[in-house]
Amino acid sequence: MSVVKIVDHPLIQHKISLIRDRNTGTKEFRDLVSEIAMLLCYEATRDLPTEEVEVETPIALARTHVLAGRKLALVPILRAGLGMVDGMLSLIPAAKVGHIGLYRNEETLEPVEYYCKLPKDIAERDVFVLDPMLATGGSAIDAISQIKKRGARHIKFIGLIAAPEGLKALHEAHPDVDIYVAAQDDHLNENGYIVPGLGDAGDRIFGTK
Ligand code: PRP
Ligand code: URA
């Protein structure tokens with residue numbers, strides 16, 4: 001059974017409120033996206049396997065646990081997913097990073113692919129697909145299909161804000177994929193933007209508008 005989890009920790013809720021604010025500037029917005037990604041990473045890695053080791057403390061021998069060496073990969077969806085990479089890497093620094101370039105056709109809202117470069121051994125890795133916004137779900141569905149075509153089987157999606165429409169579409173298209181988001185919003189408007197959302201995530205991260 002896959003997980004659809006709204007991670008509503010108070011620190012995350014606070015930071016999500018700040019990034020929604022239209023008066024939050026580019027630098028602060030970028031820092032907050034990275035911090036929220038780090039907090040989501042903490043939750044999304046909760047089921048990583050561990051193994052027991054012995055460690056000598058200054059006092060005695062301790063039986064304790066370390067990560068069992070699972071291979072991980074991050075795949076941000078360009079552009080806005082890039083804003084989540086550093087926060088994720090701060091907790092899982094050994095992860096490899098692939099990239100998938102997609103943008104939405106503004107009229108049809110269909111994703112248009114323009115780039116895909118993934119680690120060679122992606123099929124052997126647990127993959128975290130990163131995108132702050134899950135609107136219609138088209139971009140995430142397409143990105144995950146591309147990753148599956150290359151053999152990956154353990155995939156999680158991590159986002160900041162989701163529309164109910166996107167959550168449903170992604171869960172139906174890829175029922176095996178766990179979904180972690182910080183907030184579920186009300187609906188999509190006629191232009192496919194999440195309401196209330198935070199506007200255009202890519203433009204706000206990179207200051208392009
Ligand atoms: C945004 C966002 C997602 C996509 C979500 O990207 O970062 O990738 O829209 O919408 P969907 O769920 O309806 O597919 P955008 O197309 O604006 O491209 P950009 O990141 O290059 O600005
Ligand atoms: N992409 C964004 O950046 N924001 C939205 O609200 C929807 C898609």
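**Ligand sites and backbone features of the predicted model**

A polar side-chain atom of Thr 136 is placed 2.6 Å from an oxygen atom of ligand 1, in a structure that is a predicted model. Backbone atoms also take part in the polar surroundings of ligand 1: a polar backbone atom of Ala 135 is 2.8 Å from an oxygen atom of the ligand, and a backbone N or O atom of Gly 137 lies 2.8 Å from an oxygen atom of ligand 1. On its own, ligand 1 has 500 Å² of accessible area, of which the protein covers 90%. The elements that contribute two or more residues to the shell around this ligand are strand 6, strand 9 and helix 4. In total, 14 residues surround ligand 1, and those that come nearest are Arg 104, Asp 131, Thr 136, Gly 137 and Ser 139. When the shell around ligand 1 is divided by class, it has 6 nonpolar, 4 polar and 4 charged residues.

Ligand 2 is surrounded by Arg 104, Met 133, Ala 135, Gly 192, Tyr 193, Ile 194, Gly 199, Asp 200 and Ala 201. Arg 104 thus appears in this shell and also among the residues that come nearest to ligand 1. By class, the shell around ligand 2 comprises 5 nonpolar, 2 polar and 2 charged residues. Three polar approaches to ligand 2 are made by backbone atoms, involving Ile 194, Gly 199 and Ala 201. For Ile 194, a backbone N or O atom lies 2.8 Å from an oxygen atom of ligand 2, and for Ala 201 a backbone N or O atom likewise lies 2.8 Å from an oxygen atom of the ligand. In the case of Gly 199, a polar backbone atom is 2.8 Å from a nitrogen atom of ligand 2. Taken alone, ligand 2 exposes 240 Å², and 89% of that area is buried by the protein.

Both sites belong to the largest pocket, in which ligand 1 sits and in which ligand 2 sits as well. This pocket has a volume of about 740 Å³, and its lining is made up of 32 residues, with Tyr 103, Arg 104, Tyr 193, Asp 200 and Gly 202 lying nearest its centre. Two or more residues of the lining are given by each of strand 4 (72-78), strand 6 (99-104), strand 9 (133-134), helix 4 (138-149) and helix 6 (201-206). By class, the lining of the largest pocket has 15 nonpolar, 10 polar and 7 charged residues. Of the residues nearest the pocket centre, which include Arg 104, Tyr 193 and Asp 200, these three are also found around ligand 2.

Several backbone features are located in loops. The peptide bond that leads from Leu 78 to Arg 79 is cis, with omega near -5°, and Arg 79 lies in the loop between strand 4 and helix 3 (85-91). A cis peptide bond is likewise found from Val 195 to Pro 196, where omega is near 0°; Pro 196 is placed in the loop between strand 13 (194-195) and helix 6. Leu 109, a residue other than glycine, has a positive phi, near 65°, and is found in the loop between strand 6 and strand 7 (111-117).

Note on methods
Residues numbered from 1 in each chain as written. Chains lettered and ligands numbered in written order. Predicted model: local features only at pLDDT ≥ 70, side-chain atom pairs only at ≥ 80, totals over all residues. Heavy atoms only, no water. Near = heavy atom within 4 Å. Polar contact = N/O pair within 3.5 Å; in protein donor to acceptor, adjacent residues only side chain to side chain. Areas by Shrake-Rupley, 256 points an atom, 1.4 Å probe, with all protein chains shown as cover. 1 Å grid on protein atoms, 1.4 Å probe; cavity = no way out; pocket = protein on both sides within 12 Å on 5 of 7 lines; lining within 4 Å. Sits in = over half its atoms within 2 Å of the grid points. Nonpolar A, V, L, I, M, F, W, Y, C, P; charged D, E, K, R; others polar. Points joined across faces, edges and corners; volume = space filled by probe spheres on them. Helix = DSSP H or I, 4+ residues; strand = E, 2+ residues; numbered from the N terminus.
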